[in-house]
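This report introduces a structure to a reader who has not met it before. The sequence and the model are shown first, and the description follows.

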2 protein chains.
Amino acid sequence: MSKAERIRIYDVARVAGVSVATASKALNDTGRMTEETRKRVKQTAAALGFRPNAMARALTQQRSFTIGLLTNDTYGRFTLPVMAGVSEALVDQGVSVFLCGIEDDAALAKLHLDAMLDKQVDGIIATGKRIDRRLPVDLSHLSVPVVYAFTEGPDDAVTLVSDDGQGAREATQWLANIGRRTLVHVTGPESFASVSARAGAFRAVAGQGAQVLHGSWSEAWGHEAIAKLWNGDAPRPDGIFCGNDQIARGVVDALRERGVDVPGDVSVIGFDNWEIVAAATRPPLTTVDMNLKEIGREAGRLILELAEGKPVEPGIRKLPCKLVLRQSCGGDAIAARNQGEALQES
Amino acid sequence: MSKAERIRIYDVARVAGVSVATASKALNDTGRMTEETRKRVKQTAAALGFRPNAMARALTQQRSFTIGLLTNDTYGRFTLPVMAGVSEALVDQGVSVFLCGIEDDAALAKLHLDAMLDKQVDGIIATGKRIDRRLPVDLSHLSVPVVYAFTEGPDDAVTLVSDDGQGAREATQWLANIGRRTLVHVTGPESFASVSARAGAFRAVAGQGAQVLHGSWSEAWGHEAIAKLWNGDAPRPDGIFCGNDQIARGVVDALRERGVDVPGDVSVIGFDNWEIVAAATRPPLTTVDMNLKEIGREAGRLILELAEGKPVEPGIRKLPCKLVLRQSCGGDAIAARNQGEALQES
DNA sequence: CAATATTGAGAAAAGGGTTTTCCATTGAGG
DNA sequence: CCTCAATGGAAAACCCTTTTCTCAATATTG
């Protein structure tokens, strides 16, 4: 595939019968020359398999064509989709991505950060497992631009997050649309910003009196919540919106064990669209996808613009979530009708 | 943290009152000078926060202090632990890692590979989601060293894999040790190399007549397998070793739904130690951990040696798996005794 | 005491291949 | 014949660290 001796622009120039200066200009579409010369050089370069040495290029341009992705999400559930998006947005531009997992270790973070800065990265994307938790390292006075994706940065930073409110609103609205009347939101710890954003949106649609249960982000909590709801005196819900897919899976399993039919008797919606959980649930979960890959793509685009010196308006950009329909919700007829309407509207 | 203007070795030299040559030698512990001078330079460098420019350094040394990690494991279940290990082994040496997810797209793979080669990576680690599946790109004639981790490479390559046979042997032996007599292996498609390795080891311990059921890598297959085993005429097993944690979870769920007690009536062991599945199963899964992080660390160490020009014996290195005890297996008393013996032996 | 060896430190070049600047040549038109 | 535009080339710039080579100063030896 690649050969031991790399082709240099010098070789291209020699074979094409021009100087390296002309070759360079031809390949970069700069300078002036006959179209014929430019074409010939390009063809020669392609024929020889010439690829400019990025390191040498970095000398004259002020760019290394390299960016760093810093994350504290060890398990990678959130980071990987973001990373995939970033990568996708940048690989065409010849930009490569350093991935640094720093957990919550400040010393480790500094080690990675320094290593990246030493390598003259053109920019850094910070990402995490939780929108409202900062990374254990200060990125605010670096000499390179920083974009925060799915993690909190300083107020004057460029930040990308999912629109939790909108996602929760759509999910709740969906439950209402398919005829569910008694809605409950089973979610994670109150201390999470995304939890209150989602709960707020849920209440805005389901009514301020609608019940919200807080617990851990686990399947176990889903089981427990169903026990509470079914053993208590309050009217039992026929629509349950969960704070994440793990809780939703716990909820669905618990309902099945009680002989409650999902989606016949109760509709359940999750959050995250964590494929491995959502698809394995019986029935598979209808859930809210945060479009993390799109967040990654956007982060990639933005860091690129910043690296090129273009101005980017600071502030928080919310990207919309998307409801992914599977079988835990039912109401297919109504769903179909609504989708039809939606199509006509657009 | 970092300042707009980077400190160069020139600044260190000026402040310390020496030449750049002396400064360089002092900081790299080369050359000759009084210990006092060396110390003074080092202190000055530390005080100024000097960090050598890796790119400039790469010019004189033949190394970029950068390696590439190529993976086709989009979901990252296998890649992330490997990546964590690689990173851990290399960050102290100031080596950063480009992560490239290439799915199974040859064109994308080439794009990423070229981008990395353009950036003069010191080496490449190839990793995947399946030991016996090659990446869709040929890495065999590159000008940089390559280490294969958890994916198949050419025969003369340096390859690291988990010891599936040993892992399966330990798991099966464990079931036997705690008194289980009728053992079954419920695993993935026969076409996987790891499946036959594990099945072979299972049979070696459980007896050549022991049943092995092949299916998909899913929870659904776990349910289905239990249905087959319990509805059939053959004697029902009291010990089930599963090919991965998802199957094991399906098995455990199916048994619970049939009123079979795990681990009271039947012991179940999984494979992968995929935390999110193993810990959420009720009861939590005893399972085989492939030590992927250690594979990553070893891959990092090896690629470093190769990058430094040291010779590394080619061939396949098998790293041992480790049985992780949770509650799906039972036999705690026996387990405790056996562990005691193991301790005495060692 | 002279001759040689050793030590400490600096000046300058190398290291890399691309890009960019500026200049030279050619041919056409006035 | 002179000027100008168009094309392409020679050489410097780019960046900062490392390394080599040299030299002066001091120590050691005969």
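Is B:C242 buried or exposed? B:C242 is buried, with a relative accessible area of 0%; buried means under 20% relative accessible area and exposed over 50%, with a 1.4 Å probe and protein chains only.

## Basis of the model

This is a predicted model, in which local features need pLDDT of at least 70 and side-chain atom pairs count only at pLDDT 80 or more, while totals for chains, interfaces and linings use all residues. Residues are numbered from 1 along each chain as its sequence is written, chains are lettered from A and ligands numbered from 1 in the order in which they are written, and side-chain values use heavy atoms, without hydrogens and water.

## Cysteines

Over all chains, the structure holds zero disulfides, a disulfide being a pair of cysteine sulfur atoms within 2.5 Å. For A:C100, the nearest cysteine sulfur is that of B:C100, 13 Å away. A:C100 is buried, with a relative accessible area of 2%.

## Surroundings of DNA strand C

Around DNA strand C there are 27 residues, of which A:I9, A:L59, B:S19, B:T22 and B:L59 come nearest; a residue is near the strand if one of its heavy atoms lies within 4 Å of it. Sugar and phosphate account for 57% of the strand's atoms that come within 4 Å of the protein.

Phosphate oxygens of DNA strand C lie 2.6 Å from a polar side-chain atom of B:T22 and 2.9 Å from one of A:R57. A base oxygen of the strand is 2.9 Å from an N or O atom in the side chain of B:K25.

Definitions and conventions
Polar contact = N/O pair within 3.5 Å; in protein donor to acceptor, adjacent residues only side chain to side chain.
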